[in-house]
Amino acid sequence: GQTVTLQGGLITASRGVGYDLLAVLPEADDPVARPRPPQDWPQQIERLYTLPGPGPEGQTVRVTCTFVRLQPETLEIVERPHETVVFEERCRGDARFVNAHHADIETGTVWQSTQWIGPVQGAFTYEMIEPFAPD
């Protein structure tokens, strides 16, 4: 089967969606992984991506990502509107790519996102129907 694993709104692994993403290690204050109001998003974070490669450790890709706040936008998912702020995330380091996130204007929950999941697979887009809420 195909799976995509999320931590908050951050894709941290994928299986069977082409070339696998083994793991993503976000910083503690990564607002995509741990929702926070848009006004509290840091300007920059670091991530470590692990991809298949020689040996059991695979290949690691380290990047520094800068968030650029863009326009507000109403996003509709399954006939339910969400007031969001769009963030462009520009990442550089061992790879270069751009992600885009629609974050809830109040809570920072990422409702829609396009994220890089590896040099072969490229970008993956998802829409969050309902965020995970532990009991």
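**Figure 1. Aromatic pairs in the predicted model, with the stacked rings of Trp41 and Phe87 in close-up.** In this predicted model, the structure holds six aromatic pairs. In the pair shown here, the ring centres of Trp41 and Phe87 lie 4.0 Å apart and their planes meet at 5°, so the arrangement is classed as stacked. The two residues come from distant parts of the chain, 46 residues apart, since Trp41 sits in the loop between strand E3 (23–26) and strand E4 (44–51), whereas Phe87 belongs to strand E6. Trp41 is buried, with a relative accessible area of 9%, and Phe87 likewise counts as buried, at 3% relative accessibility.

**Figure 2. The edge-to-face pair of Phe67 and Phe87, and the cluster to which these rings belong.** A pair of aromatic rings is described by the distance of the centres and the angle of the planes. For Phe67 and Phe87 the centres are 6.4 Å apart and the planes stand at 85°, and because planes over 60 degrees apart count as edge-to-face, the pair is assigned to that class. Phe67 lies in strand E5 and Phe87 in strand E6, so this contact between rings ties together parts of the chain that are 20 residues apart in sequence. Both Phe67 and Phe87 are buried. Taken with the stacked pair of Trp41 and Phe87, the edge-to-face pair completes a cluster in which ring pairs link Trp41, Phe67 and Phe87.

**Figure 3. The disulfide between Cys65 and Cys91.** A disulfide is a covalent bond between the sulfur atoms of two cysteines. A search of the whole structure finds one such link, and it joins Cys65 to Cys91 with an S to S distance of 2.1 Å. The angle about the S-S bond is 115°, and the link of Cys65 and Cys91 is right-handed. Cys65 is placed in strand E5 (residues 59–77) and Cys91 in strand E6 (residues 80–93), so the disulfide ties together parts that are 26 residues apart in sequence. Cys65 has a relative accessible area of 0% and is buried, while Cys91, at 2% relative accessibility, counts as buried as well.

**Figure 4. Strand E3 and its pairing with strand E4.** In a regular strand the side chains alternate between the two faces of the sheet. Along E3 this alternation can be followed residue by residue: Val24 and Pro26 point to one face and are buried, while Ala23 and Leu25 point to the other face and are not buried. E3 pairs with E4 in the antiparallel sense, over four bridges. Within this view, Ala23 of the strand described above stands opposite Thr50 in E4.

**Figure 5. Strand E7 between its neighbours E6 and E8.** Six of the eight residues of strand E7 (residues 97–104) are buried, so this strand is largely enclosed by the rest of the structure. E7 pairs with E6 in the antiparallel sense over eight bridges, and Glu88 has Ala100 in E7 as its bridge partner. E6 and E7 form a hairpin, with three residues between them. E7 is also joined by four bridges to strand E8 (residues 110–116), and these two strands run antiparallel; here the bridge partner of His102 is Gln112 in E8. E7 and E8 form a hairpin with five residues between them, and Gly108 in the turn has a positive phi of about 85°.

**Figure 6. The whole protein chain as the setting of the close-up views.** The protein chain has nine strands and zero helices, so that from the N terminus on its elements run β-β-β-β-β-β-β-β-β. For 135 residues, a compact globule would have a radius of gyration near 14 Å, and the 15 Å of the protein chain agrees with this. The C-alpha trace spans about 45 × 35 × 30 Å along its principal axes. Buried residues make up 41% of the 135 residues in the protein chain. Of the contacts with a separation of 6 or more, 38% are accounted for by residues 24 or more positions apart. The protein chain exposes about 7,400 Å², of which carbon and sulfur atoms supply 50%.

Note on methods
Residues numbered from 1 in each chain as written. Predicted model: local features only at pLDDT ≥ 70, side-chain atom pairs only at ≥ 80, totals over all residues. Heavy atoms only, no water. Disulfide = S-S within 2.5 Å. Buried < 20%, exposed > 50% of the residue type's maximum accessible area, 1.4 Å probe, protein only. Phe/Tyr/Trp six-rings, centres within 6.5 Å; stacked < 30°, edge-to-face > 60°. Rg over C-alpha atoms; globule rule 2.2 N^0.38 Å. Contact = heavy atoms within 4.5 Å. Areas by Shrake-Rupley, 256 points an atom, 1.4 Å probe, with all protein chains shown as cover. Pairing = 2+ DSSP bridges.
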